[in-house]
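Trainee: Could we go through the core and the charged pairs of this protein together, with care over what each term means?

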Amino acid sequence: MKAIKIVKEGRVEIMDIPQPTVKDGHVLVKVDYVGFCGSDLNTFRGLNPLVNLPVIPGHEIGATVVELGTNVTTDLKVGTKVTVNPYSNCGVCTACKNNRPNACRYNETMGVQRDGAMTEYLVLPVEKIIAGGQLSSKELALVEPMSVGFHAVDRASVTDSDIVLVFGCGMIGVGAIIRSALRGATVIAVDVSTEKLELAKKLGAKYTINSATEDLHARLDVLTQSMGADVVIEAVGRKETYLAAIDAAAYTGRVLYIGYAKEPIPFDTQFFVKKELDIRGSRNATAKDFAAVMNYLKMKTCPIEELVTAIYRAEDAQLALESWLNDPGRVFRLLIAF
């Protein structure tokens, strides 16, 4: 079967690998769509410290059940459309014991610390398979990245009285915008792409700030009467946005970091104390977040066709990553179709 493999910085190859066979307690699925995410792009750029090349990327999955292994007790049937929880968890670390397996100390995400989903078929433990209901495979391939943004909103305990500032309007930031708006919060979206900010408004942002052309601080002062945002969610992973998040937060505000910064960041820590900030990390997503995203998508109000920038054949994976690298501001999500 075909598999996409990032073999070295800037180089993708299409491999022929053995098709897996179903085993006890597992499910064989045919992969329909897999999304390229920011971590895959960084792997392609040679900037992902969590990856050892070569690796099969991909953990944003829309698939179809082909065969059930023995001792699988489930409502899944052959032909069921599904998505996948791509994280592993050990069950014994403090995160797992605290019922937060998404932050497992020994987590290995598909396509990052282990080979991922950009193959024609996958065999997975049944507990990692999530039935898609009436959702299409294309919609299901968007569930995981959106759920990461949903999880950050949950971590921030966002309410309808909050002003929420979201840095970054990629798929994860979009998830945070949608979830915050669904909770009734006033959402301010920040990005450098006019196109992404326009879509953010369609998805629930009341205000937008283009930080490439507007004075972020001055605009935020106007929108918050110089109070700052109750919640700031950083979904970019850049030094500039990490620092700006602290500045943008209101006194006693909450700051949520999703993005991985690629370099050490020197903070002026006096503001941690003066503002008495709650500073939290947000990693991956939980089963509850996956369910919340799927419930949202079932409403059929999400402009899926605008979120999917392009769909490529597996043979064109190199072209897909190069196109994203050359014009990152234009891309929301790229899907590979098998």
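What follows is a short exchange on the nonpolar cores and the salt bridges.

Mentor: This is a predicted model, in which local features need pLDDT of at least 70, side-chain atom pairs count only at pLDDT 80 or more, and totals for chains, interfaces and linings use all residues. Residues are numbered from 1 along each chain as its sequence is written, and side-chain values use heavy atoms, with hydrogens and water left out.

Trainee: How many residues does the largest nonpolar core have?

Mentor: A nonpolar core is a set of buried Ala, Val, Leu, Ile, Met, Phe, Trp, Tyr and Cys residues joined through side-chain atoms within 4.5 Å, where buried means under 20% relative accessible area, exposed over 50%, and partly exposed in between (1.4 Å probe, protein chains only). Met146, Ile233 and Leu307 have the most contacts inside the largest core, and its residue count is 47.

Trainee: Which residue forms a salt bridge with Glu60, and is Glu60 buried or exposed?

Mentor: A salt bridge places a side-chain nitrogen of Lys or Arg within 4 Å of a carboxyl oxygen of Asp or Glu. Glu60 has 1% relative accessibility and therefore counts as buried. Its partner, at 2.8 Å from N to O, is Arg333.

Trainee: Is that partner, Arg333, buried or exposed?

Mentor: The relative accessible area of Arg333 is 4%, so Arg333 is buried.

Trainee: How far apart in sequence are the parts tied together by Lys300 and Glu139?

Mentor: The closest N and O atoms of this salt bridge are 2.9 Å apart. Because Lys300 lies in the loop between H10 and H11 and Glu139 in helix H3 (helices are DSSP runs of H or I, at least four residues, numbered from the N terminus), the separation is 161 residues.

How values were computed. Helix = DSSP H or I, 4+ residues; strand = E, 2+ residues; numbered from the N terminus.
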